[in-house]
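Colleague: I have some questions about how residues get their labels here. Can we go through them one by one?
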Amino acid sequence: GSTPIRGNVGVQVIRSDQTGSSFYAQVVGGVTQSTPVTDGAKYTDILPSMNLSLRFDSDLVLRLAVSRQIMRPKLDDLRVAISYGIDNSAPSMPIIRGGGGNPYLRPYRANAVDFNIEKYFGTSGFVGLQLYYKDIKEFIYGGRVPFDFSSFPAPTGATPGLPTLGTLDTQINTGGGSFYGAEFAFTLPFDVFSQALDGFGITGGAGYTETKVKDQNGVIGTIPGYSKWVANGTAYYEKNGFNVRGSARYRSGFQGDFGNFDGQTSRKQALDELIIDAQIGYEFQGGALEGLSVYLQGQNLTDEPFVSVADPSRPLTVTDYQSYGRRFLAGFTYKF
């Protein structure tokens, strides 16, 4: 009808040229000889996108976004350097094993659709529902893959007839997957119910996410770092200079890559966590102190720890237990 549609349609064409450089070191006659090595890849991505919004007179807004997306791999995963040697502990016979980077890596690639329904009311009320789906066309997974070492010098201790087909621990592009879910968000000032509740309100939201992706062996797993459920909420009172807030943040357990003391990462299963924060403050409204605000904050009031386990079905198989403690902060701001 008469409701206007606004938006944009466009396309990006990105030409990428990635190169990694290193040195191949080999001991010949007791002397280490270094040879420069450079390798990489060139590729082109075409990224169309469309964003549309439809706003009705009733302050109902519909939004639709469709796009092709990429995310580049980490720079250290693109390094050209690898190391390798003989693994004599293999079940049948010795095998060459190595590890390192992959200068041929392509980005993560996905086709994405987002649909939002938003309703605005009062002076600051809001309710919104976002539905999202990513059809992952290309993913990056780290693991052990077959690798032909025939173009490399034989490792130290190699015997005649040692197979040159071994394994390499590295990052590779794998098959696709999916990433989808929904997020509900709201801001509800209580003065929409009664003026006696002016200044009181709540705000927050909750999200649900499912991820599925294939690893280098075609096995379907989840994308690390994502919880199936996340939620947050804040109850507040803001009026006549007073500011009181209480907040809670929750996320369900998830698999994540966490840093070790040696700088490497390892994948662990983190348990659920619930963080409680609070704040009270006052802003002077007049007189000599006008413009001065003071506040007191308390963070992680329940001293919630971060815990990871080896087996999600057995919560006592703890691999990491980090207690951060409670934090209290006091401060002030002054505007002039």
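Colleague: Why is Val66 called partly exposed?

Modeller: This is a predicted model, and the value is computed from it. Val66 has 33% relative accessibility. Buried means under 20% and exposed means over 50%. Val66 falls in between, so Val66 counts as partly exposed.

Colleague: Where does Val66 lie?

Modeller: Val66 lies in strand β3. Val66 also helps make a nonpolar surface patch of about 710 Å². Leu64, Phe115, Leu129 and Phe184 are among the other residues there.

Colleague: What makes Val66 eligible for a patch?

Modeller: A patch residue needs over 30% relative accessible area and no salt bridge. Val66 is at 33%, so the area condition is met.

Colleague: Which elements give two or more residues to the nonpolar patch?

Modeller: They are β3 (60-71), β6 (108-121) and β7 (125-148). The largest share, four residues, comes from β7.

Colleague: Why is Ser293 called buried?

Modeller: Ser293 has a relative accessible area of 15%. The cut-off for buried is under 20%, so Ser293 is buried. Ser293 sits in strand β17 (residues 292-299).

Colleague: And Tyr282: buried, partly exposed or exposed?

Modeller: Tyr282 has a relative accessible area of 25%. That is between the 20% and 50% limits, so Tyr282 is partly exposed. Tyr282 belongs to strand β16 (residues 273-283).

Colleague: How do you know that Tyr282 and Ser293 are in contact?

Modeller: Contact requires heavy atoms within 4.5 Å. Ser293 is among the contacts of Tyr282, as are Asn240 and Phe242. Beyond Tyr282, Ser293 touches residues including Gly331 and Thr333.

Conventions: Residues numbered from 1 in each chain as written. Predicted model: local features only at pLDDT ≥ 70, side-chain atom pairs only at ≥ 80, totals over all residues. Heavy atoms only, no water. Buried < 20%, exposed > 50% of the residue type's maximum accessible area, 1.4 Å probe, protein only. Patch = residues over 30% accessible without salt bridge, like charges linked within 9 Å, V, L, I, M, F, W, Y side chains within 5 Å. Areas by Shrake-Rupley, 256 points an atom, 1.4 Å probe, with all protein chains shown as cover. Salt bridge = Lys/Arg side-chain N within 4 Å of Asp/Glu carboxyl O. Lists of a residue's contacts leave out its neighbours within four places in sequence.
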